[in-house]
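Visitor: I'd like to learn how to read a protein model by eye. Can you walk me through one, feature by feature?
Guide: Happy to; let's put it on the screen.

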Amino acid sequence: MDNREMKRVPISEITPGMITAQDIYSRTDQLILNKDTVLGADSIAKLMFYSVGGVWVNVEEGQEPGEDAYTATLRKGADFVQFKKIYDGAVNEVKEALEWIVLGTGQLDAKTMLDSVKDMVGEGRSNAHIFNMLHCIRDYDDHIFMHSVNVALICNVFGDWMHLNEKDKQVLTLAGLLHDAGKLLVPPRILNKPGRLTDEEFDIVKMHAESGYEILKCEGIDERIKQAALDHHERFDGSGYPAGKAGNEIDMISGIVGIADVYDAMTSNRIYRGAFCPFDVIRIFEEEGMHLFNPQYLLPLLGKMAETYIHHTVLLSDESRGEIIMVNPHALASPVVRVDSTFIDLSKRKELKIDAVL
C-alpha cells in the first residue's frame, strides 16, 4: 500500500527525486510529464520552460526542499550583499515608475531606470557572475518588478553578446524593464493562482501584452520598447500571442526580450530552485526552443552562455568533477570536460551530463 501523501510544491521548491502525483499539463493543455515521473534536472527544466507554477508530488514525511551549497555560499559573500542592495533599489524604482504610469500620476524616467541597471552591471565581475547573483535572489515579493529587473539585466548582457551599438543596447535593456507593464492590470487572484488557469483566466493573463502597449504608447520612448511589451510572447512559429506573428514579423528587440523573459522564468528568482544548472537551461532551449525563437538570435546567445563556463569546474551526473575545456557548437549543453587526465566529450557520452557548475 502506498503511504505517501500528495503535496503541491511550488516550482521554486521542486528538487530532484520528487515523484509527480498527477499528469502535468501546460496552460494550453499540452501534456508535459506523466504521473509517477521521477523529477530530475531535465524534467524540472522542462516544467520551467513551460512556466508551470507548481506540481503535485508524492513526498515522504519530513521531506523538504533545500538550498545547494554553492548558492548558499554565494549568498553569504560581500559581492552578493552589495549586488542585492543595488538590486533592491532598482526594483523599487521600477515599481514606482510603473505604478505612476498605470495610475497616470507621473512620467517615465528612462535615464534613472537605465542607470540602475548600469550600477548592477558594474557590480558584476563577469557576465557569468551577474547570472550567479541573479540566481541568489530568493525573495518572492513584488515578483513582477523583480522579474522586470532580471530580464533587463539579462537583455543588457545579451546586447553585449549580440554586439549591439550602445543605443540599441539601451533600447533592449529598457524594453526588458518595461515588457511586463501590462501585468499590473491583471487581477492578483489570477496572476498568483497556484494551480492551472482556466481558459478564461489564461485569456485575461494574455491581455497583459496589449495592456502593456497601451500603457506605454504615449510615453516618449523608442517605439521598439512599446512593441516589445506587445510582442514578447509572440513566437517564431506563429504559436504565440496576441497576434500570432511569425518569423521576421517579430523584430529583433521583441525577439531577444522574449528569450530573456523565458530564461528568467526558468532560472531566477520567481521560480528559481537552488540546484538548477545553466546547462539544463541550454539543453531545453536546444530541444524545445528552436521553433519558438528566431535561431538568428537564439543560437549565438546559447553559444555565448555555454562559452561563459569554459574553465569552470562542474559536477557530472556520475559524481565526478571536471573542468569544461571546449564547447561543442552542435551540442552546446554537452561540452568537452577534462576529468583528471581524461577528456570526456559529453556529446558522445549520452549517459553523462552536467549536474552543476561549481
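Visitor: Let's start with the sheet. In what order do the five strands of the open sheet come, and is the pairing parallel or antiparallel?

Guide: One thing up front: this is a predicted model. Now the general idea: strands of a sheet pair through backbone hydrogen bonds, either parallel or antiparallel. Here the order is β9-β8-β7-β6-β10, and the pairing is antiparallel.

Visitor: Which strands stand at the edges?

Guide: Those are β9, residues 342-345, and β10, residues 354-357. Each has a single partner strand, so one side of each has no neighbour in the sheet.

Visitor: By how many degrees are neighbouring strands of this sheet turned against each other on average?

Guide: The average is 40 degrees, ignoring direction.

Visitor: Can we zoom in on one pair? Over how many bridges do β6 and β10 pair?

Guide: Three bridges, in the antiparallel sense, with β6 covering residues 313-316. To find one of the bridges on screen, go to Val-314 and look across to Val-357 in β10.

Visitor: Stepping back, how many helices and strands does the chain have?

Guide: You can count 14 helices and 10 strands. The chain has 358 residues, and 54% of them are buried. Its accessible surface comes to about 16,100 Å², with 50% of that belonging to carbon and sulfur atoms.

Visitor: What share of the contacts with a separation of 6 or more joins residues 24 or more positions apart?

Guide: That share is 66% in this chain.

Visitor: I always check cysteines before a labelling job. How many disulfides does the structure hold?

Guide: Zero. For burial, the idea is to look at relative accessible area: under 20% is buried, over 50% is exposed, and in between is partly exposed. Cys-155 comes out at 0%, so this residue counts as buried. Cys-218 comes out at 72%, so that one counts as exposed.

Visitor: Let me try a helix residue. Where is Ser-148 placed, and is Ser-148 buried or exposed?

Guide: Ser-148 is in helix α6, which runs over residues 143-161. With 0% relative accessibility, Ser-148 counts as buried. Leaving out residues up to four places away in sequence, Ser-148 touches Val-94, Gly-176, Leu-177, His-179 and Asp-180.

Visitor: And a loop residue? Where does Gly-244 lie?

Guide: In the loop between α11 (223-231) and α12 (252-267). Gly-244 has a relative accessible area of 32%, so the label is partly exposed. Beyond its neighbours within four places in sequence, Gly-244 is in contact with Glu-234 and Gly-238. You can also compare Gly-244 with His-233: they are 11 residues apart in sequence and 9.2 Å apart in space, C-alpha to C-alpha.

Visitor: What about backbone oddities?

Guide: The general idea is that most residues other than glycine have a negative phi, and most peptide bonds are trans. For the peptide bond, look at Tyr-241 to Pro-242: this one is cis, with omega near 10 degrees. Pro-242 lies in the loop between α11 and α12.

Visitor: And phi? What is the phi of Asp-36?

Guide: Asp-36 has a positive phi of about 70 degrees, although this residue is not a glycine. Asp-36 sits in the loop between β4 (31-33) and α1 (41-49), and at 47% relative accessibility it counts as partly exposed. His-311 also has a positive phi, of about 75 degrees. Look for His-311 in the loop between α14 (295-307) and β6. His-311 is exposed, with a relative accessible area of 55%.

Terms used:
Residues numbered from 1 in each chain as written. Predicted model: local features only at pLDDT ≥ 70, side-chain atom pairs only at ≥ 80, totals over all residues. Heavy atoms only, no water. Pairing = 2+ DSSP bridges. Helix = DSSP H or I, 4+ residues; strand = E, 2+ residues; numbered from the N terminus. Axes fitted to C-alpha atoms, helices over the stretch in contact; angles between N-to-C directions. Disulfide = S-S within 2.5 Å. Buried < 20%, exposed > 50% of the residue type's maximum accessible area, 1.4 Å probe, protein only. Contact = heavy atoms within 4.5 Å. Areas by Shrake-Rupley, 256 points an atom, 1.4 Å probe, with all protein chains shown as cover.
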